[in-house]
Amino acid sequence: MSKAAPAKKSVAAAPPPGCTLDINDPQVQSAAIRIQASYRGHRSRKELREKGPPRVLEPLKDVVLIEGSAAKLTCRISAFPDPFIRWSKDGKELRDGPKYRYVFEDPDVVALVVRDGELADLGQYSINVTNPFGQCSDSARILVEVPAKIQKGPDNTKARKGATVTLTAEILGEPAPDVGWTKDGEDIEEDDRVFFEIGSTTTTLTIRRAIPQDSGKYEVYVENSLGMDQSFARVDVA
């Protein structure tokens with residue numbers, strides 16, 4: 001059996017001229033110290049930035065919601081570890097579901113989507129962000145716009161002379177609509193006998209001490225910047 005040939009020893013190539021580094025050189029040692037200090041500072045800043053209480057980077061803004069559509073409230077936050085997000089409306093917590101949807105778009109962007117907008121969605125919405133290091137919060141309003149409409153018009157009425165007649169309509173609209181009443185196409189001039197009142201959800205026309213001349217076709221109409229509606233009723237006094 002033949003002997004293996006002795007292994008050849010590798011010889012390190014000499015560095016190119018001008019590329020040698022003397023670790024005993026004071027300038028080299030000073031540079032190394034500065035690099036280490038810079039790295040430690042970077043690491044500390046990184047840890048402070050990532051591990052700490054949540055912060056709001058871009059606050060919520062008020063949103064206008066059109067009836068039947070959806071609205072979206074968006075907030076940009078900074079938080080590590082990952083925070084717990086809670087949305088609420090007028091102090092009451094909102095659960096993630098068909099009506100209210102929690103959305104996480106980017107690592108630092110969270111949003112709440114309110115679907116099938118209606119007047120009841122008007123209110124103050126808040127986000128609360130919590131992690132082991134603390135918490136932060138922010139709020140904004142959803143403003144709901146609803147075209148003026150008559151939910152239920154007045155009923156046709158028959159009354160005896162001298163009786164009190166009332167016609168009532170259920171109304172809706174945001175901004176609050178202008179309301180008016182007419183008789184046979186003419187605006188009603190109010191006095192202490194014939195007058196109308198306007199509430200937040202109803203309007204009522206009152207005719208005291210009714211007389212045959214009060215018989216006719218009465219109209220109630222509502223109007224705001226988004227639309228208008230009207231309804232009619234017949235009054236017969238005998």
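**Exercise 1. Place Pro-81 in the fold and describe the peptide bond that leads into it.**

Pro-81 sits in the loop between strand S3 (71-80) and strand S4 (84-89); strands here are DSSP runs of E with at least two residues, numbered from the N terminus. Now check omega: from Phe-80 to Pro-81 it's near 5 degrees, so the bond is cis. Most peptide bonds are trans.

A quick note on the ground rules: this is a predicted model, where local features need pLDDT of at least 70, side-chain atom pairs count only at pLDDT 80 or more, and totals for chains, interfaces and linings use all residues. Numbering runs from 1 along each chain as its sequence is written, and side-chain values use heavy atoms, with hydrogens and water left out.

**Exercise 2. Work out which strands stand at the edges of the five-stranded sheet.**

Start with the order: S10-S17-S16-S12-S13, an open sheet with mixed pairing. Two strands pair if DSSP finds at least two bridges between them. S10 (157-159) and S13 (186-187) each have a single partner strand, so one side of each lacks a neighbour in the sheet. Next, look at S10's partner: three bridges join S10 to S17 (residues 227-237), and the two run parallel. Lys-158 stands opposite Asp-236 in S17.

**Exercise 3. Find the phi of Asp-116 and say whether the residue is buried or exposed.**

First, the backbone: phi is positive, about 50 degrees, although Asp-116 isn't a glycine. Most residues other than glycine have a negative phi. Then the location: Asp-116 lies in the loop between S7 and strand S8 (123-131). Finally, Asp-116 is exposed at 56% relative accessible area (buried is under 20%, exposed over 50%, partly exposed in between; 1.4 Å probe, protein chains only).

Terms used:
Helix = DSSP H or I, 4+ residues; strand = E, 2+ residues; numbered from the N terminus.
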